[in-house]
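Work through these exercises with the structure open beside you. Try each task before reading its solution.

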Amino acid sequence: DNAGNEPIDRPVVAGGPAAYFATLPLKPAVAALMREGLPAAVSNRAGTFVCNHVFYSLMHRAAARPPRLGAGLLHVPYLPAQAAAHPGAPSMALDDVLRAIEIVLRVAANAGDDPSPAAGG
């Protein structure tokens with residue numbers, strides 16, 4: 001990470017479960033994004049480093065808070081100017097990124113008070 005930490009083979013939370021599933025309505029969110037012409041896909045991994053740590057920590061905290069919170073991680077691509085420094089990396093205009101986030105939030109808000117993990121993957 002930016003502070004130089006490189007944890008390898010260490011749990012994010014000692015004694016925590018091996019993994020968590022997102023509790024957001026991922027498939028409905030992806031469908032809504034695609035209807036709006038925005039590329040999207042469900043992923044079965046948050047990444048192998050910082051994103052994984054952020055996702056696991058979020059889900060661990062959410063699992064301990066009744067009522068259960070809908071939570072997950074939304075990866076967004078580089079902005080076009082950023083992607084120029086990373087050949088082949090996906091990019092998306094800022095307006096589209098913001099629109100996508102709004103769509104995901106709207107789908108999550110309309111999912112009800114008890115999001116089902118089965119709706120996630």
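Helices here are DSSP runs of H or I with at least four residues, numbered from the N terminus. With that naming, G37 sits just after α1 and takes a positive phi of about 80°. Keep in mind that this is a predicted model.

**Exercise 1. Describe the overall make-up of the protein chain.**

Step 1. Count the elements. The protein chain has four helices and zero strands.

Step 2. Read them in order. Along the sequence the pattern is α-α-α-α.

Step 3. Take the dimensions. The C-alpha trace spans about 40 × 40 × 20 Å along its principal axes.

Step 4. Look at burial. The protein chain has 121 residues, and 21% of them count as buried.

Step 5. Look at the surface. The protein chain exposes about 8,400 Å², with 58% of that supplied by carbon and sulfur atoms.

Step 6. Check the range of the contacts. Take those between residues at least 6 apart in sequence: 68% of them join residues at least 24 apart.

**Exercise 2. Find which residues make up the largest nonpolar core, and which helix supplies the largest share of it.**

Step 1. List the members. The core holds 10 residues: A29, A32, L33, L38, M92, V97, A100, I103, V104 and V107.

Step 2. Assign them to helices. Both α1 and α4 (residues 94-109) supply at least two residues each.

Step 3. Pick the main contributor. The largest share, five residues, comes from α4.

Step 4. Follow one member. Apart from neighbours within four places in sequence, A32 is in contact with I103 and V107.

Step 5. Look for another core. A second, separate one has eight residues, among them Y20, A22, A46 and M59.

**Exercise 3. Work out how the buried residues of α4 are arranged around its axis.**

Step 1. Check the length. Helix α4 has 16 residues and reaches 22 Å from its first C-alpha to its last, close to the 22 Å expected at 1.5 Å a residue.

Step 2. Name the buried residues. In α4 they are V97, A100, I103, V104 and V107.

Step 3. Find their arc. They cover only 125° around the axis, so they lie on the same side of α4.

Step 4. Turn to the other side of α4. There D95, E102, L105 and A109 are exposed.

Step 5. Find the packing partner. The buried residues of α4 pack against α1.

**Exercise 4. Repeat the analysis for α1 and α2.**

Step 1. Start with α1. Its buried residues are A29, V30, A32 and L33.

Step 2. Find their arc. They cover only 160° around the axis, which puts them on the same side of α1.

Step 3. Name what they meet. The buried residues of α1 pack against α4.

Step 4. Move to α2, residues 50-63. Its 14 residues should span 20 Å at 1.5 Å a residue, and its end C-alpha atoms are 20 Å apart, which agrees.

Step 5. Name the buried residues of α2. They are F55, Y56, M59 and A62.

Step 6. Look down the axis of α2. Its buried residues fall within an arc of 130°, so they line one face of the helix.

**Exercise 5. Is T23 buried or exposed, and what does its side chain reach?**

Step 1. Locate T23. It is found in the segment before α1, which covers residues 26-35.

Step 2. Apply the cut-off. Buried means under 20% relative accessible area. T23 has 7%, so it is buried.

Step 3. Follow the side chain. It reaches the backbone nitrogen of A71 at 2.8 Å.

**Exercise 6. Compare two loop residues, L74 and P77.**

Step 1. Locate them. L74 is in the loop between α2 and α3. P77 is also in the loop between α2 and α3, and α3 covers residues 80-83.

Step 2. Classify L74. Its relative accessible area is 44%, so L74 is partly exposed.

Step 3. Classify P77. At 26% relative accessibility, P77 counts as partly exposed.

Step 4. List the contacts, leaving out residues up to four places away in sequence. L74 touches I101 and V104. P77 touches P90, S91 and M92.

Step 5. Take the distances. L74 and L26 are 48 residues apart in sequence, and their C-alpha atoms are 9.7 Å apart. P77 and V107 are 30 residues apart along the chain, with 20 Å between their C-alpha atoms.

Note on methods. Residues are numbered from 1 along each chain as its sequence is written. This is a predicted model: local features need pLDDT of at least 70, side-chain atom pairs count only at pLDDT 80 or more; totals for chains, interfaces and linings use all residues. Side-chain values use heavy atoms; hydrogens and water are left out. Buried means under 20% relative accessible area, exposed over 50%, partly exposed in between (1.4 Å probe, protein chains only). A polar contact is a pair of N or O atoms within 3.5 Å; within protein, one must be able to donate a hydrogen and the other to accept it, and residues adjacent in sequence count only if both atoms are side-chain atoms. A nonpolar core is a set of buried Ala, Val, Leu, Ile, Met, Phe, Trp, Tyr and Cys residues joined through side-chain atoms within 4.5 Å. Contact means heavy atoms within 4.5 Å. The expected span of a helix is 1.5 Å times one less than its number of residues. The arc is that of the directions from the helix axis to the C-beta atoms. Accessible areas come from the Shrake-Rupley method with a 1.4 Å probe; for residues, only the protein chains shown count as cover.
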